[in-house]
Amino acid sequence: MAPFHWVIFILSIVSTIHNHTGLVEAATSAQDIGVCYGMLGNNLPPATDVVNLYKKYGIGKMRLFDPNPAALQALRGSQIRVTLGIRNEDLSNLAASPDAMNSWFKTNVEPYLNDITFEYISAGNEVIPGPLGGYVLPVMQSLQNILNAKNLATRIKVSTVVPGAVLGASYPPSSGAFTADTRDVMSGILAFLSRQGSPLLINVYPYFAYVSDPVNVRLDYAQFTATSPGAIDGNLNYFNLFDALVDAFFSAMEKVGVPNVNVVVTESGWPSDGHGDFTTPQLAATYNKNFFRHISSKKGTPKRPNASIEGYIFAMFNENQKPNGEEQHFGLFYPNMQPVYPIF
């Protein structure tokens, strides 16, 4: 083989090794991230194909908004860790009846315990603030009693998912505080979580903060690309809005006397279309890739640098039955399972 051909041959080997290593590293890192499996579409692939897509890209965690039987069946033996939601419309009945809660558990969790790793069960999704908020804590307590009786309390944690709307103040992060109408219910929930050693599940969207005030919220600060602080809070410098929003939650918890509860970010993302120049595949890819890296780094936040914060990207697919506009374009994949943009 001529010297030039040897050079090409050696370079091709090096490139192959590098690419293979990169794929392995990406797959390993992807185990740290979750992706929400929303189903508000009439053209989405079967659950078995969706689970295989998670496995193909090494996505280690899935959030299910409700106990969809097809999805749960497809998840058996997959080793994908699951955050499972209780439907908002079921909360009032489950809060009123321990028998109803037992029936829910026996139907939606118990048959799968040998084949699925459930990490969290969420009592509702973003029902605080709102009229259903008062049902959340009774449902959490009832479900916890079941887990305790079945010796599952160390294996499965009970919580609820709350939006940024529970915060009446979030800037600067140290001023974070719950709204007057959520303070009491959040205090009760946080006291419960503290006793159980469970995290609060929060949805954090720098995208919405940016599009609502693009004059004062820098794009690089919203997208994890800033090289200078976007906010300075005492002796803490914030280079991304995500950390600032998470720390506002931590500050709000401290103000109601619960400083020892961690958080799991159950939704974060950036749409690829639907709102003009604010939503492009490039912007969505930049945010989600950087969110992925940030969560995988396990570096915590300026206020809680030792906190290992889990995170879930919203969402797996573009969903055509969500409201028109940007809400239909948060997916990492089209319904045909082709990437909207590369991320993993």
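How much space lies in the largest pocket? In this predicted model, the largest pocket holds about 530 Å³ of space, and the sections below describe its lining together with the other pocket and the cavities.

## Confidence in the model

Averaged over the protein, pLDDT is 92, and 91% of the residues score at least 70. Residues 1-28 are a stretch where pLDDT stays under 50, and for these residues the model has 4 contacts beyond four places in sequence. Where pLDDT is low, the predicted coordinates should not be read in detail.

## The largest pocket

The lining of the largest pocket is made up of 24 residues, and those nearest its centre are S170, A209, V217, L241 and L245. Sorted by class, this lining has 15 nonpolar, 6 polar and 3 charged residues.

Three elements, β6 (167-169), α8 (206-212) and α10, each supply at least two residues of the lining of the largest pocket. The largest share, 4 residues, comes from α10.

## The second largest pocket

The second largest pocket contains about 330 Å³ of space. It is lined by 17 residues, with L40, F65, E267, F314 and K322 the closest to its centre. The lining of the second largest pocket divides into 9 nonpolar, 2 polar and 6 charged residues.

## The largest cavity

Besides the pockets, the structure holds 2 cavities of 30 Å³ or more, and the volume of the largest cavity is about 60 Å³. The residues that line the largest cavity are F242, D243, H294, I295, K298, K299, G300, T301, A307 and I309, which by class are 4 nonpolar, 3 polar and 3 charged residues.

At least two residues of the lining of the largest cavity come from each of α10 (241-255) and α11 (281-297). Helix α10 thus appears in two linings, since it also supplies at least two residues to that of the largest pocket.

## The second largest cavity

For the second largest cavity, the space amounts to about 40 Å³, and its lining consists of R63, L64, F65, L84, G85, I86, S122, G124, N125 and V161. Strands β2 (61-64), β3 (81-86) and β4 (117-125) are the elements that give two or more residues to the lining of the second largest cavity.

By class, the lining of the second largest cavity has 5 nonpolar, 4 polar and 1 charged residues. F65, one of the residues lining the second largest cavity, is also among the residues closest to the centre of the second largest pocket.

Definitions and conventions: Residues are numbered from 1 along each chain as its sequence is written. This is a predicted model: local features need pLDDT of at least 70, side-chain atom pairs count only at pLDDT 80 or more; totals for chains, interfaces and linings use all residues. Side-chain values use heavy atoms; hydrogens and water are left out. On a 1 Å grid over the protein atoms alone, a cavity is a set of points where a 1.4 Å probe fits but cannot get out, and a pocket is an open set with protein on both sides within 12 Å along at least five of seven lines; lining residues have an atom within 4 Å of a point. Grid points are joined across faces, edges and corners, and a volume is the space filled by probe spheres set on the points. Ala, Val, Leu, Ile, Met, Phe, Trp, Tyr, Cys and Pro count as nonpolar, Asp, Glu, Lys and Arg as charged, and the others, Gly among them, as polar. pLDDT is the predictor's confidence in each residue, from 0 to 100. Contact means heavy atoms within 4.5 Å.
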